[in-house]
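Q: Could you take a close look at one part of this model for me? I'd like to know how one helix sits against its partners, residue by residue.

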Amino acid sequence: MPIIVNIDVMLAKRKMQSKELAEKLGITQANLSILKTGKAKGIRFETLEAICKVLDCQPGDILEFVTE
């Protein structure tokens, strides 16, 4: 898939664990894992906004387009 999800990169930069992010977002660790692995078919802007607020980043820091 040409869209790469870089949540792990931002978590490492913020020295935060997935569990903590999931708790702050109010989502399950399983759903966060689906997002992190790129297996999600979509993401709500509301969720993307919450991730950006918690990780203090921009959507472009989370999502990356790569040509195949």
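A: Let's start with the α2–α4 pair: on the α2 side, Leu21, Lys24 and Leu25 do the touching, and they meet Ala50, Ile51, Val54 and Leu55 of α4. Sorted by class, that contact has six nonpolar residues, one charged residue and no polar ones. Keep in mind that this is a predicted model, so everything here is computed from predicted coordinates.

Now for the geometry. Two packed helices are described by the angle between their axes and the distance between the axes. Helix α4 covers residues 45-55, and its axis and that of α2 come within 10 Å, crossing at roughly 120 degrees. Angles from 65 to 115 degrees would count as roughly perpendicular, so α2 and α4 end up being oblique to each other. As for handedness, α2 passes α4 in a right-handed crossing.

Helix α2 (residues 18-25) also packs against helix α3 (residues 29-36), where the axes come within 9 Å and cross at roughly 110 degrees. That angle is why α2 and α3 are called roughly perpendicular to each other. Here, too, the crossing of α2 past α3 is right-handed. From α2, the contact takes in Ser18, Lys19, Leu21 and Ala22, while α3 brings Gln29, Leu32 and Lys36. The class count for this α2–α3 contact is three nonpolar, two polar and two charged residues.

Leu21 is worth picking out: this α2 residue is part of the contact with α3 and also part of the one with α4.

While you have the model open, have a look at the largest pocket as well. It holds about 180 Å³ of space. Its lining is made up of 12 residues, and Ile3, Val5, Ala40, Ile43 and Leu63 are the ones nearest the pocket centre. By class, the lining of this pocket comes out as nine nonpolar, two polar and one charged residues.

Note on methods: Residues numbered from 1 in each chain as written. Predicted model: local features only at pLDDT ≥ 70, side-chain atom pairs only at ≥ 80, totals over all residues. Heavy atoms only, no water. 1 Å grid on protein atoms, 1.4 Å probe; cavity = no way out; pocket = protein on both sides within 12 Å on 5 of 7 lines; lining within 4 Å. Points joined across faces, edges and corners; volume = space filled by probe spheres on them. Nonpolar A, V, L, I, M, F, W, Y, C, P; charged D, E, K, R; others polar. Axes fitted to C-alpha atoms, helices over the stretch in contact; angles between N-to-C directions. Helix = DSSP H or I, 4+ residues; strand = E, 2+ residues; numbered from the N terminus. Parallel < 35°, antiparallel > 145°, perpendicular 65-115°, else oblique. Left-handed = near helix turned anticlockwise from the far one by under 90°. Contact = heavy atoms within 4.5 Å.
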